[in-house]
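Trainee: Got a minute to walk me through this one? I'd like to get a feel for the fold before I go back to the bench.

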Amino acid sequence: MHISDSIKYIGCNDKTIDLFESQYPVPNGVSYNSYLILDEKVAVMDTADPRVTDEWLGNLDRELDGRKPDYLVVSHMEPDHAGSIKAFLEKYPDTTVVGNAKTFTMMGQFMDAALFENRKHVVAEGDTLSLGSHELTFVFAPMVHWPEVMVEYESTEKILFSADGFGKFGALDCDEPWIDEARRYYLNIVGKYGLQVQALLKKAATLDIKTICPLHGPILTENLGYYIDLYDKWSSYKPEEEGVLITCASIHGNTKKAALKLQEKLEAAGKKTMFIDLTRDSMSEAVARAFYYDKMVCCACTYDGGLFPPMQDFLHHLTAKAYQNRKVAFVENGTWAPQAAGKMKAILEGSKNIELVEPVVSIKSTLNAASEAVMDELVKNL
Ligand code: FEO
């Protein structure tokens, strides 16, 4: 795959990985993107995950077609991109490694510094590197998604090498829309760092960008405003759609029955809803959908005097990703001492701008006429 006559794709698809970052299911795999710029000087833009080192080195070798790389640009030290640096440095002992001060500190933690110490080129924010007719400008993007991250703008072809930004789960040859897997990727991986993404978007707005080359997922060449607008929305914690996400953690099914009844009532009232069973459905999809909608109802049982763990786990995932600016309601169940709502509320207490929608629906074992009347009140308030 060629980005242009002088910029080649040398990344790899990984369709055998079960969990990305050991926690996110990737049913359609993932791609580790890497690029090669062939000019008077030759630059390799990032490496790939150690799972594909041999394939990646083969792609590089084929596209080099006998030339030698002058530079290896390291945008991000996370092993899904930096995991083949060591093998690369051993194979190409004359290549200069380009990174910032933090890049090299981290690199020395992942491998013996003797491998790169005498051939490193340390860049600062705004520095440029001329390759001939192409020129790279280094734009720092700390915490998008690690502190050392930088993106590179190539001014001749107007390409932004955007590191993890604008990435997506899914191998490049899978046939699926960009948005759902890009949302799940962004909110679960970079979601906590909205402020930092906003800062990067401000810097990017000053650049004339024709193509975005991320480190995962497809190369973006058309309608870039669509992707940038979504990133602006996600990173400023604005909902994508008005509607109610109903999340449910039920032990024997009675809480689930109540949650489904709530969904039925909300739909009858004209609300858009989505139901997620936290005991079965994907955690990362639940997190992504919680950010997608402006409202959420959490329905859970009391368990061992606390909160049923699937809901507890979910809410901790949400707070870890800086869940905020949403309206939240609670449905709790308990056969002798329902107290799940208080526990759920306590987890969300430190979250910014969470408005609680009353009343709490408190169920003893099964929904009855009295608790259903409270549910009707909640439906009205939602
Ligand atoms: Fe795709 Fe943060 O690495």
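Mentor: Sure. One term to begin with: a helix here is a DSSP run of H or I that is at least four residues long, and helices are numbered from the N terminus. Also keep in mind that this is a predicted model.

Trainee: OK, so which helix does Gly58 lie in?

Mentor: Gly58 belongs to helix α1, which covers residues 53-64.

Trainee: And is Gly58 buried, exposed or partly exposed?

Mentor: Partly exposed. Buried would need under 20% relative accessible area and exposed over 50%, and Gly58 has 33%.

Trainee: How far is Gly58 from Ile10 in space?

Mentor: Their C-alpha atoms are 8.8 Å apart, with the two positions 48 residues apart in sequence terms.

Trainee: Let's zoom out. How many helices and strands does the protein have?

Mentor: It comes to 12 helices and 22 strands. The C-alpha trace spans about 80 × 40 × 35 Å along its principal axes.

Trainee: What domains does the assignment give?

Mentor: There's domain 1, residues 7-235, and domain 2, residues 241-381. Their C-alpha centres lie 38 Å apart.

Trainee: How many residues are in contact between the two domains?

Mentor: 10 residues of domain 1 are in contact with 11 residues of domain 2.

Trainee: What about the inside? How much of the protein is buried?

Mentor: Buried residues account for 55% of the 382 residues. In soluble globular proteins, nonpolar side chains tend to be buried together. Here the largest nonpolar core has 97 residues. Helix α5, residues 178-190, supplies the largest share of that core, 8 residues.

Trainee: Which domains does that core draw on?

Mentor: Domain 1 (7-235) and domain 2 (241-381) each give at least three residues to this core.

Trainee: Which residues have the most contacts inside the core?

Mentor: Phe20, Leu60, Met296, Met311, Phe314 and Leu315.

Trainee: Pick Leu315. What does Leu315 touch?

Mentor: Not counting residues up to four places away in sequence, Leu315 touches Met296, Cys298, Leu307, Met344, Ile347 and Leu348. Leu315 is also one of the α10 residues that meet α11.

Trainee: Oh, so there's a helix pair there. How do α10 and α11 cross?

Mentor: The axes of α10 (residues 309-320) and α11 (residues 340-348) come within 9 Å and cross at roughly 15°. Angles under 35 degrees count as roughly parallel, so α10 and α11 are roughly parallel to each other. The crossing of α10 past α11 is right-handed.

Trainee: And which residues meet across α10 and α11?

Mentor: On the α10 side, Met311, Gln312, Leu315, His316 and Thr319; on the α11 side, Met344, Ile347 and Leu348.

Trainee: Now the other pair. At what angle do α8 and α12 cross?

Mentor: Roughly 45°, with the axes of α8 (residues 254-268) and α12 (residues 369-381) coming within 10 Å. That makes α8 oblique to α12. The crossing of α8 and α12 is right-handed. From α8 the contact uses Ala258, Lys261, Leu262, Lys265 and Leu266, and from α12 it uses Glu372, Met375, Asp376, Leu378 and Val379.

Trainee: Switching to strands: where does Asp294 lie, and is Asp294 buried or exposed?

Mentor: Asp294 lies in strand β18, residues 293-303. Asp294 is buried, at 13% relative accessible area.

Trainee: What is Asp294 in contact with?

Mentor: Leaving out neighbours within four places in sequence, Asp294 is in contact with Pro239, Glu241, Glu242, Gly243, Arg326 and Lys327.

Trainee: Last topic, the backbone. What should I look for?

Mentor: Most residues other than glycine have a negative phi, and most peptide bonds are trans. In this model, the peptide bond from Glu358 to Pro359 is cis, with omega near -5°. Pro359 sits in the loop between β21 (354-356) and β22 (361-363).

Trainee: And what is phi for Asn223 and for Asn325?

Mentor: Asn223 has a positive phi, near 50°, and Asn325 has a positive phi of about 60°. Asn223 is in the loop between β15 (211-213) and α7 (224-235), while Asn325 is in the loop between α10 and β20 (326-333).

Trainee: How accessible are Asn223 and Asn325?

Mentor: Asn223 counts as exposed at 58% relative accessibility, and Asn325 is partly exposed at 28%.

Key:
Residues are numbered from 1 along each chain as its sequence is written. This is a predicted model: local features need pLDDT of at least 70, side-chain atom pairs count only at pLDDT 80 or more; totals for chains, interfaces and linings use all residues. Side-chain values use heavy atoms; hydrogens and water are left out. A nonpolar core is a set of buried Ala, Val, Leu, Ile, Met, Phe, Trp, Tyr and Cys residues joined through side-chain atoms within 4.5 Å. Buried means under 20% relative accessible area, exposed over 50%, partly exposed in between (1.4 Å probe, protein chains only). Helices (H or I, at least four residues) and strands (E, at least two) are DSSP runs, numbered from the N terminus. Domain bounds come from an automatic or database domain assignment. Contact means heavy atoms within 4.5 Å. Axes are lines fitted to C-alpha atoms, for helices over the stretch in contact, and angles run from 0 to 180 degrees between N-to-C directions. Angles under 35 degrees count as roughly parallel, over 145 as roughly antiparallel, 65 to 115 as roughly perpendicular and the rest as oblique. A crossing is left-handed if the near helix is turned anticlockwise from the far one by less than a right angle, and right-handed if clockwise.
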